Amino acid sequence: MSSSDSRNGKDREATTLSRRSIFKMGLATGIAVPMSALGQAPNRLRPQPGDQLVFEEGANQDELVRPELLELEQRPLSALARDPETQVLRDGSRLNRVMITRIDPQKLTARYQANAAEGVIAYSAVCTHTGCDVINWDAGQLRMACPCHESQFDIYDGANVVGGPAPRPLAMLPLEVVDGVVIVAAGFRGRVGFTQQF
Amino acid sequence: MIIRSSILLCCSLISSLLFAQDLPPYNPVTAERLLNPEESNWLMYRGSYDSHGYSSLDEINTDNVDGLVPVWSFSTGLREGHQAPPIVNDGYMYVTTPQNHILAINARTGDLIWRYVRYLPDDLQQFHPTNRGVALFGDRVYMATVDAFLVSLDALTGELIWEVAVEDYYNGYYMTMAPLIADGNVMVGVSGGELGIRGFVAAYDVMTGEEQWKTYTIPAPGEPGSESWPGDTWQTGGVPVWLTGSYDPELNLAYWGTGNGGPWMGDTRPGDNLYSSSVIALDVTTGELKNHHQYHWNDSWDWDEVSAPLLIDFQRNGESVNGMVHPGRNGYLWFLEREADAINFVDANPYVYQDVFTSIDPVSGRPEYDMTKKPGTGYEANFCPSLWGGKDWPPAAFDPESRLLFIPANDNVCSTMVGEEIQYSPGRSYMGRGTSENGGFFVRPGTDHIGELQAWNVDTGERAWTTTFESQNWGPVLATAGDLVFMGGTNDRYFRAFDSSSGEILWQQRTNSGITGVPVTYTLDGKQYIAVQSGWGVDAQREQNLLNMAKGENHYVPQGGVIWVFALPD
């Protein structure tokens with residue numbers, strides 16, 4: 001078998017980072033972007049414990065996520081994590097994006113309840129099938145849906161797959177509320193994105 | 001642009017495989033061979049530059065096709081849409097799969113020679129997880145990748161010779177088509193119309209990978225046609241090119257079908273939106289856009305017209321027309337005339353139920369619309385055919401002897417669509433389609449089938465026959481001089497042979513999965529073979545999901561790719 005590893009995802013991400021994210025961040029913050037201990041720019045890191053969440057769309061775009069800004073069972077909105085110390089927005093990878101909404105905690109499957117905070121839940125925005133953004137919403141059945149191949153995810157059951165070709169649930173991001181602000185409690189539960197077949 | 005020199009991997013294994021298999025010397029693919037492909041091989045996506053999808057082989061014919069049996073099969077180990085034709089060159093077979101693997105196979109034995117595996121970025125999104133095949137030239141194999149690279153490999157070893165970044169996948173660009181090689185250039189177009197790209201076709205030196213030209217499908221301000229795009233909409237207006245073009249060597253023009261504009265709702269980009277939903281003629285040497293014909297303007301239905309027209313000279317009113325024929329996604333069968341400096345409209349008629357066009361201008365071919373059938377931002381409309389059209393990407397075929405054009409069609413399915421406001425963000429969904437009941441999809445009441453194989457006489461413009469299927473049809477078509485048409489495409493997993501004069505099913509084989517692969521035929525040592533990939537996925541599966549919802553059923557089509565090769569018993 002032969003294979004090409006001369007240009008893998010990491011190479012590509014590095015290219016993307018240098019050209020887009022660092023430049024963009026430099027413009028936004030006016031400061032040099034430090035690299036993390038892992039050698040990854042902080043805006044590329046997945047949401048970290050203690051990060052705040054910021055609306056990426058909707059009426060409260062760019063504001064911190066607070067439970068009262070979300071209506072019960074509303075269409076999920078995209079959000080990004082932000083380091084409260086450095087104010088670095090973790091927008092360096094589309095794998096960092098989450099979809100947030102508010103649910104009735106009593107109806108959430110028991111084993112996922114610890115991941116919700118005052119009814120606010122967050123799932124990865126990236127479909128586990130082929131990596132598309134899960135932006136559609138079935139308000140009648142309370143399902144997140146992927147526009148690419150019709151995969152559907154039950155928001156009350158840990159985003160388990162209830163339709164379409166997705167092989168796994170969406171990763172869930174555990175949350176907590178501190179001083180009225182939604183905070184990331186821990187890293188993603190589950191793998192984010194699609195898994196390449198070989 | 002990124003060009004890297006080769007890196008040899010696993011060469012000892014490859015060499016030993018080559019030695020052990022006692023393969024024949026590789027027959028380099030020349031420009032002359034591409035211009036006049038021998039019937040014993042299948043050297044390009046549709047077999048020949050005119051995109052006929054036709055072979056003059058006739059060992060397998062209407063008298064004996066019922067004896068067709070599998071010779072060998074090969075599991076690809078991958079799921080999703082296996083749409084590529086097995087490309088065959090004197091005993092060497094090259095097959096691409098979803099996730100951009102290339103399998104080089106000994107066509108005699110079914111043994112693997114080498115396998116190219118592309119490592120895809122974790123943050124890639126694949127709207128269409130498929131690939132539609134390699135191109136061959138010299139002793140090289142070429143593939144366009146879903147992370148928007150063009151790669152060139154050694155046909156004997158699979159060694160990567162160079163790769164070129166055609167565009168940035170992070171901004172929504174990707175590729176699924178088989179490249180087109182002509183006049184020393186390897187040409188590709190880009191997908192990503194759902195993601196706010198600006199479509200183009202680009203050409204690279206077939207040996208070095210150096211970019212030769214790049215022609216956008218949306219004119220920049222000041223260029224002809226730019227007045228059809230308001231404001232900055234041209235920068236993110238879509239108009240992808242995601243299927244292989246046809247090539248007329250006498251005119252040195254390649255004809256490419258283009259996709260719809262983006263976002264999907266036409267009211268977000270008032271104007272004709274040239275050159276969306278069109279055929280464009282590009283000079284292969286310079287990339288100059290010489291002429292075009294727009295099938296329909298200001299699309300709001302997701303009716304890509306990316307299938308390249310078949311280059312067919314047909315009769316009209318007692319005269320021969322140097323022509324092109326296109327079964328449109330918009331449900332009309334288009335007959336056009338191709339000249340060095342113009343594409344002229346000849347005629348067009350619906351080949352499936354279509355309730356949007358109210359008339360076609362007899363001179364220009366410009367349609368008028370029933371505007372109640374045109375969805376918009378905040379305005380929901382029903383329309384037929386569905387967003388997948390009368391025919392989506394699966395290619396039609398043409399038999400020059402019988403003069404019949406074979407169309408893999410879908411009738412009686414319709415869409416409901418509504419637009420919603422959307423903001424552009426690089427690489428993110430930029431369709432602006434809102435949510436409609438039942439996934440925005442429905443079957444016309446009182447109808448009994450969806451899939452069709454249609455035959456049309458190109459000289460009379462009349463339909464010769466139609467064979468129907470309850471299932472949707474996503475089957476590319478192969479026509480042969482054995483008076484046969486080969487096609488799969490239905491959700492019952494069958495691969496079938498039809499009598500080309502009547503549409504009667506003469507043979508069928510149930511396979512592992514549904515067939516959306518392009519069938520081919522070739523010979524080895526004078527014996528004729530038929531090859532096709534079975535591997536359901538992408539939009540065929542997506543439509544199945546919606547049909548299940550509409551019908552309250554749960555029809556299951558297993559996934560997983562297998563290459564099948566058939567022949568008559570010795």
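Two strands count as paired if DSSP finds at least two bridges between them. Strands, like helices, are DSSP runs numbered from the N terminus, with at least two residues (E) for a strand and at least four (H or I) for a helix. With that in hand, look at strand 19 (residues 278–283) and strand 20 of chain B: five bridges join them, and they run antiparallel. One such bridge partner of S278(B) is Q294(B), in strand 20.

Before going on, some ground rules. This is a predicted model, where local features need pLDDT of at least 70 and side-chain atom pairs count only at pLDDT 80 or more, while totals for chains, interfaces and linings use all residues. Residues are numbered from 1 along each chain as its sequence is written, and chains are lettered from A and ligands numbered from 1 in the order in which they are written.

**Sheets in chain B**

Strands 19 and 20 belong to an open sheet of four strands, in the order 17-18-19-20, with antiparallel pairing. Its edges are strand 17 (246–248) and strand 20 (289–294), each pairing on one side only. Another open antiparallel sheet of four strands goes 30-31-34-35, with strand 30 (397–399) and strand 35 (462–469) at its edges. In this one, neighbouring strands are turned by 20° against each other on average, direction ignored; the angle is taken between lines fitted to C-alpha atoms, on a scale from 0 to 180 degrees between N-to-C directions.

What holds such strands side by side? Strands of a sheet pair through backbone hydrogen bonds, either parallel or antiparallel.

Here are some antiparallel pairs of chain B, with one facing couple from each:

| Strand pair | Bridges | Facing residues |
|---|---|---|
| 30 and 31 (residues 404–410) | three | D399(B) and L404(B) |
| 2 (residues 69–75) and 42 | six | W72(B) and V565(B) |
| 41 (residues 527–534) and 42 | five | Q533(B) and I563(B) |

Is strand 42 (residues 562–567) of chain B mostly covered or mostly open? Mostly covered: five of its six residues are buried. Buried here means that 20 or more other C-beta atoms, placed from the backbone, lie within 10 Å of the residue's own (12 or fewer is exposed, in between is partly exposed).

**The cores**

A nonpolar core is a set of buried Ala, Val, Leu, Ile, Met, Phe, Trp, Tyr and Cys residues joined through C-beta atoms within 7 Å. The largest one has 154 residues, and V134(B), L150(B) and F406(B) are among those with the most contacts inside it. Domain 1 (80–118 + 130–165) and domain 2 (171–308) of chain B both give residues to this core, so it lies between them; the domain bounds come from an automatic or database domain assignment. Apart from it lies another core, of 47 residues, including A116(A) and C146(A).

F406(B) touches A396(B), L453(B) and V485(B), among others, leaving out residues up to four places away in sequence. Touching means that the C-beta atoms, placed from the backbone, lie within 7 Å.

**Chain A and confidence**

Chain A has one helix and 11 strands, and 46% of its 198 residues count as buried.

For chain B, the mean pLDDT (the predictor's confidence in each residue, from 0 to 100) is 95. Confidence there is lowest in helix 1 (residues 11–21), at a mean of 46, and highest in strand 36 (residues 478–480), at 99. Over residues 1–16 of chain B the pLDDT is below 50. Where pLDDT is low, the predicted coordinates should not be read in detail. The model scores ipTM 0.80 and pTM 0.91.

Note on methods:
Contact = placed C-beta atoms within 7 Å.
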